[in-house]
Amino acid sequence: MKAAVIGTGGIAQTHAEALRMAGISIAAAVDVNADAARTYAEKWGVPVWGTDPALLYSPEIDCVHVCTPPNLHFELVRSLLEAGKHVLCEKPLCFDTQEAAALNRLAREKRIACAINLNVRFHMACQKAKQIISDPSFGRVLLVHGSYLQEYHAFPAPDGWRYDEALAGKMRAVTEIGTHWMDIAQYLSGKRVTEVSAQFGCFHPIRYEKDGMMYAGNPDGSRRAKEVHSEDAALIQFRMEDGAIGSVVLSEVSPGHSNRLSLEITGENRNLWWNSEENNLLCTGVKGGGVNQEIFAFGNGFADTFRALVQQFYADIRSGNYTERPVYPTFEDGANIVAVCNAIYESATHNSAWIPTGSTL
């Protein structure tokens, strides 16, 4: 079995490492930048590389890993599905809700295995949390809340494609980190988000760039002014199936937090909470019973979760008997997240009005 990778930036390195661990060889690497494609091919021992996407359609290639900016996802993924290629796509699946739904339908019609890189599910603590919440003793889910905090876009911040709306879309915090939070919240709770109310914070609509870095000010006049519309942070309230409610704070400008996804899910009988900066600690509680802490002494980190996603995905491809609801996120999950993200944008641009997502289990 052989794979191909299109887009050879930072995340493509993680894909290559996971593919190597899964025993899958990379037959071709494609990038708009020929030098980047060549460097990637030399590093990972890829025999064929170049700028032409036609390299992806070789008969020897079974699966394509799509690591490009999101603006290229829809047309590229649709073409790959029509050619019968399995696809593992970076998030978000695409920009448009209807286009995402169309990709999901096409994957089902073609009986093709497709996954989205939403790897948080594969933390050992998250898998145990899924078991706990799925047990009837947990009770009906009532409340889901948390945050996803990063410092990556706090000043000084690297400029790049994420600030180009043509490449990254009209959102940033929501589509980059909110996708992960919404996926794990819905996966663990077993409930879809049905309606959202949101507000965005773009704290410096005018920023100043020099030597590839952005700053809040321009004290000596040497920096180039740059207009930014996408959100640095978002506050989101939501409603879920069966009467559950929730909220999340998303921020890419929170110094001190490299990558902190936190989540708490409250059931009628028990409570459960976890965060990614203490990823091998899972806490649960019952009324009057204090807090129980379970430590996963041989737990896993980010790279391990991605390896696990890739391994389960390729196990499905090899079997040819694709799991109806696998642990890895499918294009159905990807389409759901696109719908939720677009509802969040509509709410934030319409004075935090409640907007239905149109998504159901």
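**Close-up 1. Arginine 111, a partly exposed residue in a loop of this predicted model.** Arginine 111 has a relative accessibility of 49%, and it therefore counts as partly exposed, since the class called exposed begins only over 50%. This arginine is placed in the loop between helix 4 and strand 6 (114-116). Although arginine 111 is not a glycine, its phi is positive, at about 55°.

**Close-up 2. Asparagine 351, an exposed residue in a loop.** The loop that holds asparagine 351 runs between helix 9 (331-348) and strand 19 (355-356). Asparagine 351 is not a glycine, yet it has a positive phi of about 55°. Its relative accessible area is 74%, and asparagine 351 is therefore exposed, a class that requires a value over 50%.

**Close-up 3. The contact of helix 3 with helix 4.** The axes of helix 3 (residues 73-82) and helix 4 (residues 97-110) come within 10 Å and cross at roughly 10°. Because angles under 35 degrees count as roughly parallel, helix 3 and helix 4 are described as roughly parallel to each other. Their crossing is left-handed. On the side of helix 3, the residues that take part are Phe74, Val77, Arg78, Leu81 and Glu82, and they meet Glu99, Leu103, Leu106, Ala107 and Lys110 of helix 4. Sorted by character, the residues of this contact comprise 6 nonpolar, no polar and 4 charged.

**Close-up 4. The contact of helix 1 with helix 2.** Here the axes of helix 1 (residues 10-21) and helix 2 (residues 34-44) come within 11 Å and cross at roughly 25°, which makes helix 1 roughly parallel to helix 2. The crossing of helix 1 and helix 2 is right-handed. Ala12, Gln13, Ala16, Glu17 and Arg20 of helix 1 meet Tyr40, Lys43 and Trp44 of helix 2, and the residues of this contact divide into 4 nonpolar, 1 polar and 3 charged.

**Close-up 5. Cis peptide bonds that lead into proline 92 and proline 156.** The peptide bond from lysine 91 to proline 92 is cis, with omega near -5°, and proline 92 belongs to the loop between strand 5 (86-89) and helix 4. The peptide bond from phenylalanine 155 to proline 156 is also cis, with omega near -10°, and proline 156 lies in the loop between strand 7 (141-149) and strand 8 (157-158).

**Close-up 6. The span of residues 2-115.** In an unreviewed entry, UniProt places the feature "domain: Gfo/Idh/MocA-like oxidoreductase N-terminal" at these residues. The span is 41% helix and 21% strand, and its end C-alpha atoms lie 16 Å apart.

Definitions and conventions:
Residues are numbered from 1 along each chain as its sequence is written. This is a predicted model: local features need pLDDT of at least 70, side-chain atom pairs count only at pLDDT 80 or more; totals for chains, interfaces and linings use all residues. Side-chain values use heavy atoms; hydrogens and water are left out. Axes are lines fitted to C-alpha atoms, for helices over the stretch in contact, and angles run from 0 to 180 degrees between N-to-C directions. Helices (H or I, at least four residues) and strands (E, at least two) are DSSP runs, numbered from the N terminus. Angles under 35 degrees count as roughly parallel, over 145 as roughly antiparallel, 65 to 115 as roughly perpendicular and the rest as oblique. A crossing is left-handed if the near helix is turned anticlockwise from the far one by less than a right angle, and right-handed if clockwise. Contact means heavy atoms within 4.5 Å. Ala, Val, Leu, Ile, Met, Phe, Trp, Tyr, Cys and Pro count as nonpolar, Asp, Glu, Lys and Arg as charged, and the others, Gly among them, as polar. UniProt positions are given in the numbering used here, feature names are shortened, and annotations may be inferred rather than shown by experiment. Buried means under 20% relative accessible area, exposed over 50%, partly exposed in between (1.4 Å probe, protein chains only).
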